[in-house]
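Me: Let's go through the empty spaces in this protein. I want reasons, not labels.

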Amino acid sequence: MKKRIISFAVLCATIALPSIAQKPLSNGYPYTQVPFTSVKIAPNTFWGDRLKAAREVTVPLAFSKCKSEGRYENFVKAANPSDQYDVSSFMGYSFDDTDVYKTIEGASYILQTYPDKKLKAYIDSVLNIVEAAQEPDGYLYTARTINPKKPHEWAGEKRWEKVEELSHELYNLGHMVDAACAHYQATGSTKFLNIAKRYADCVIREVGPTPGQATVVPGHQIAEMALARLYVLTGDKRYLDQAKYFLDYRGKTKINDEYSQSQKPILEQDEAVGHAVRAGYMYAGIADVAALTNDSAYIKTIDRIWNNIVSKKYYLTGGVGARHWGEAFGDNYELPNMTAYNETCAAIAQVYLNERMFLLHGDSKYIDCLERTLYNGVISGMSMDGGRFFYPNPLSSDGVYKFNADGTTTRQPWFGCACCPSNVSRFIPSIPGYLFGVKENNIYVNLFASNTSTIEVGGKEVELVESTQYPWNGDIEIRVTKSKAKDANLLIRIPGWVRNQVVPSDLYAYSDTQKPAFTVSLNGNKVEGDPNANKGYLPVKNIKKGDVIRIHFDMPVRTVVANKRVADDKGKVAVERGPLVYCAEAVDNHGEAVLHAILNPGEKFSVVDNYSIENKEAQGAAPFTVKAIRTNAQILEDNSGKVEVKDINLTLIPYYAWNHRGSNQMNVWFVKDLTVLDK
């Protein structure tokens, strides 16, 4: 084959592409997410350190892996296709292109907060390689283009032939579009956006319900979310229509199975099933299309599915996906601990979903779930230095069971299937965008972190400066340093863990007698109100420049029990403090078998400040400190075939911090009822 030459007609078609909307359209949600570019997280803080790690380590690492693992080379080969190539011999997965897209997306978010000419130029050089691989009609899928006669084994003989199975052609489109939108918003350049629109337009022409089109839907969802985003950015309704087609026709094409959530049409679905990442992306896409089309049937559908997740399929850490087989949700109440899958990507998808549920309904319960997932299920997937990653995130480990697909029991610097590292690299830089929401003259304070934010209320700016050591303590100060808005209100989320609710269902409950209190004051005067009457928020009304709002949440150590129908957690108890789930690791407990630890009912806990954890995962990585918890407990020991009970002063650390000292025993759920040991 010869290198393709783009025709004059195609160039003209490219020039005629719809321009960017003069002003991005509303995303349709009643509540608005405050852009992360308006929120500056303070350095040397809990989230400041995470953002720094992503900027200095995670994103550069992901770019370097795109080079060393052949991701860029795939695009180079696609620009110079040849019958001599056997694609499956050098391309690991048909979705390897997305590692490039996701890393560009994360880098684009970083550019918006930390302008960097070298990074911008590097991305541009990568886009030159990507652009050269695009076929004249817009199709961009290196797994086929490199050699259409012998494409990747998952690709099929013709375009779209295996898209509902393993080709990932439309999955690649989704990540490309997301990254292109982010890049445009960061740089103002339409270079990547035009590439993505050409591929999206190709899909619109070739995939759909009309005769002559391939009537298929994505096997791996995400295009639905991305096309909705592209519609909001460009104003071109074809992209929204295509997203809705992908959802409306799910369960109506040739593949009908739970694995890909196509077992029946989405309006008939009421349970989270199948591959947990695909599911989470699709559910977020349903919410997007519901908001943009004001489709009440879609809203009822996503409400049903969300309720099923948090009532029956949600881990204490906010993770989802009980089964390694199929990386999937299990049955209702199927929540094993050691064999839990809880893919990092699935946790990120849950953040996307819960944010959208808040934007639909304005209820703090969705942010409660988002916070639980973020502080536990997401950041456990990335080492503190930002350079190593978990794919699954189990709730117990014997140090032997190889829960990673590559047969390892520790975080890894990369995986052959690298969706989690590259997904983390795009997600972490966007975290500041989850702190606040707005509706009319109300600013919703959803997450708590030290930051300076400029928020638009009714077309007027309000500047807030927030100071806190959250999640280590519950003291938060918010200063109004600027306000041109009249009658602006702050709505302070009173977290579910303060209001004695683990999750918004009966899946988990606190088992102690603690009754955490909270106070909110405005300029020293206590603000009265019942958050339960305001969807979990306490209003602070009519804020003005110079106001100081102080918030205090009691943050006692709590014990949690699971619903009795969760078999793995019967007779067991877990430990939390604030938004953090705690675990015990053998390395903090003289090598003792923490899987056999027993917590006594009513036992007292003490909090240990500045507990140091050595980071052995990466050479030269600095140690870090946490607040640890200590309590008296017992360990069951097998002494020459005789079970004995040994007293121990048990140390627990935040779950996200485990495994930094290497593979060893770890446990979240502890026996409290010895009778379960007889079963």
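Reply: A start on terms: helices here are DSSP runs of H or I with at least four residues, numbered from the N terminus. A lining residue has an atom within 4 Å of a grid point of the space. α9 gives the most to the lining of the largest pocket, with 5 residues. The model is predicted.

Me: What makes α9 (223-234) a helix by that definition?

Reply: The name marks a DSSP run of H or I, and the cut-off is at least four residues. α9 spans 223-234, so it meets the cut-off. Other elements that give two or more residues to this lining include α4 (97-113), α7 (169-187), β4 (436-439) and β6 (451-457).

Me: How do you know which residues lie nearest the centre of the largest pocket, and how many line it?

Reply: The lining has 43 residues. Asn27, Thr32, Gln33, Pro35 and Gln185 lie nearest the centre. The volume is about 1,600 Å³.

Me: What is the make-up of that lining by class?

Reply: It has 19 nonpolar, 13 polar and 11 charged residues. Pro35 counts as nonpolar, because Pro is on the nonpolar list. Asn27 is on neither the nonpolar nor the charged list, so it counts as polar.

Me: What about the second largest pocket: how much space, and which element supplies the largest share of its lining?

Reply: About 790 Å³ lies there. Of its 30 lining residues, Thr45, Asp49, Met384, Phe624 and Thr625 are the closest to the centre. α2 supplies the largest share, 8 residues. α2 (46-68), β19 (605-613) and β20 (624-639) each give at least two. By class, the lining splits into 15 nonpolar, 8 polar and 7 charged.

Me: Why is a space called a cavity and not a pocket?

Reply: A 1.4 Å probe fits in a cavity but cannot get out, whereas a pocket is an open set, so the two names part on escape. The structure holds 2 cavities of 30 Å³ or more. The largest has a volume of about 60 Å³.

Me: What lines the largest cavity?

Reply: Asp368, Glu371, Arg372, Arg493, Gly496, Trp497, Gln501, Val502, Gly578 and Pro579. Helix α14 (residues 364-378) gives the largest share, 3 residues. The classes are 3 nonpolar, 3 polar and 4 charged. Gly496 falls under polar, because Gly is placed there.

Me: How do you know the class of the residues around the second largest cavity?

Reply: Trp47, Leu374, Tyr375, Ile431, Leu435, Leu447, Phe448 and Ala449 line it. Trp, Leu, Tyr, Ile, Phe and Ala are on the nonpolar list, so the count is 8 nonpolar, no polar and no charged. The space there is about 30 Å³.

Key: Residues numbered from 1 in each chain as written. Predicted model: local features only at pLDDT ≥ 70, side-chain atom pairs only at ≥ 80, totals over all residues. Heavy atoms only, no water. 1 Å grid on protein atoms, 1.4 Å probe; cavity = no way out; pocket = protein on both sides within 12 Å on 5 of 7 lines; lining within 4 Å. Points joined across faces, edges and corners; volume = space filled by probe spheres on them.
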